[in-house]
Amino acid sequence: MSNLRYSQVTPKSEYLNRRRFLAGGAAAVGALVLPVSTYAGAKLSGVTKSPLSTTEPATPFEAITGYNNYYEFGTDKGDPAKNAQNFKTSPWTLTIEGNVAKPKTLDLDGIMKIAPLEERIYRHRCVERWSIVVPWIGFSLSALLQQVEPNSKAKYVAFQSYYDPKQMPEGKHAGIQLPYLEGLRIDEAMHPLAMLVVGLYGEVLPNQNGAPLRLAVPWKYGFKSIKSIVKIKLVEKEPPTAWNLANAHEYGFYSNVNPEVDHPRWSQAKERRLPGFATRPTLKFNGYGDQVAGLYTGMDLKKYY
Ligand SMILES: Nc1nc2c(c(=O)[nH]1)N[C@H]1C(S)=C(S)[C@@H](COP(=O)(O)O)O[C@H]1N2
Ligand SMILES: [Mo]
């Protein structure tokens with residue numbers, strides 16, 4: 001059971017500042033009034049291991065946190081690790097609204113208390129053909145959705161990322177519309193594998209991986225797993241998504257991992273497992289078919305790509 005509260009987590013920066021203060025005397029006094037810009041690296045406690053984990057070995061921390069897509073902080077894979085370091089993730093506000101009986105506004109403490117924290121080791125397959133295995137920490141998105149009590153008009157779930165051009169100046173050159181938008185059908189969102197993530201490798205999420213709150217939808221291409229979520233809205237119609245708005249021909253709403261349906265510019269049959277260059281066959285639904293194929297019974301997955 002996790003009774004951890006965000007206010008009880010010791011941010012690494014604060015801890016370091018404190019150490020510096022103890023060691024450095026007067027010169028370090030300023031450190032006491034520095035705002036805590038990030039919780040990245042703070043340890044999460046009370047995390048249980050989930051049976052939903054793959055038995056594949058997890059990708060090293062350095063690869064997961066050093067090779068990222070996060071266009072708000074630049075389009076090169078190394079940009080997010082460099083440019084997101086000072087991103088301010090506290091205070092944070094998440095709103096859940098729309099076709100629900102009980103809309104909610106949560107701060108970080110509230111987010112951490114939605115459900116007990118679990119470690120789930122998931123495969124993650126980017127549409128650009130690299131893959132990683134990540135020990136995420138979080139809980140099923142359904143835990144939060146059930147708390148707001150969706151009504152019968154809630155057919156889809158729309159997600160919106162934080163966007164502040166001042167903190168994310170590289171976002172101007174992203175080539176996609178920001179704030180980043182994503183969406184799931186309600187039954188996809190309610191599937192236990194769909195996860196809200198607050199950490200990885202035992203720690204609060206590094207900023208470049210989507211702190212303080214991101215999605216992990218392991219049977220879909222990585223771009224469905226939206227980072228730094230500020231708004232979740234239960235809606236009646238299929239919501240717009242960032243990559244579909246940018247290029248509808250290449251990126252559909254569903255975006256289930258599917259080695260049988262090529263991207264218009266490349267085959268999706270294989271993937272590169274980081275770190276290194278070894279390739280392996282890509283699995284339908286990224287290997288989660290036993291759990292999720294039933295969501296798409298009777299659908300033409302070439303049409304609904
Ligand atoms: N807000 C936001 N979320 C995002 C992206 C982004 O650019 N902005 N990139 C997506 C893509 S393409 C991938 S592959 C994953 C990468 O997640 P990771 O960096 O934690 O591996 O984040 C997804 N979520
Ligand atoms: Mo991606």
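Strand S5 (residues 130-140) contributes the most to the shell around ligand 1, giving three residues; strands here are DSSP runs of E with at least two residues, helices are runs of H or I with at least four, and both are numbered from the N terminus. The model is predicted, so to speak in its own terms, local features need pLDDT of at least 70 and side-chain atom pairs count only at pLDDT 80 or more, while totals for chains, interfaces and linings use all residues. Residues are numbered from 1 along each chain as its sequence is written, chains are lettered from A and ligands numbered from 1 in the order written, and side-chain values use heavy atoms, without hydrogens and water.Around ligand 1 there are 19 residues, and Asn68, Tyr71, Glu72, Ser225 and Lys227 come nearest; a residue is near a molecule if one of its heavy atoms lies within 4 Å of it. By class, this shell holds nine nonpolar, seven polar and three charged residues. Here Ala, Val, Leu, Ile, Met, Phe, Trp, Tyr, Cys and Pro count as nonpolar, Asp, Glu, Lys and Arg as charged, and the others, Gly among them, as polar.

Let's turn to the polar contacts of the ligand (pairs of N or O atoms within 3.5 Å).

| Atom of ligand 1 | Protein partner | Distance |
|---|---|---|
| nitrogen | polar backbone atom of Asn69 | 3.3 Å |
| oxygen | polar backbone atom of Tyr71 | 2.8 Å |
| oxygen | N or O atom in the side chain of Arg214 | 2.9 Å |

On its own, ligand 1 has 540 Å² of accessible area, and the protein covers 99% of that (Shrake-Rupley method, 1.4 Å probe).

Where does ligand 1 sit? Its place is the largest pocket, with more than half of its atoms lying within 2 Å of the grid points, as the term requires. A pocket is an open set of points on a 1 Å grid over the protein atoms alone, where a 1.4 Å probe fits and protein lies on both sides within 12 Å along at least five of seven lines; lining residues have an atom within 4 Å of a point. The space in the largest pocket is about 430 Å³, a volume filled by probe spheres set on points joined across faces, edges and corners. Its lining has 28 residues, and those closest to the centre are Asn69, Tyr70, Tyr180, Gly222 and Phe223. S5 again supplies the largest share, three residues of this lining. The lining divides into 16 nonpolar, eight polar and four charged residues.

A few backbone details round off the picture. The Ser90 to Pro91 peptide bond is cis, with omega near 0°, and Pro91 belongs to the loop between helix H3 (79-83) and strand S2 (94-98). Another cis bond runs from Leu178 to Pro179, with omega near 5°; Pro179 is in the loop between strands S6 (156-161) and S7 (181-185).

Notes: Polar contact = N/O pair within 3.5 Å; in protein donor to acceptor, adjacent residues only side chain to side chain.
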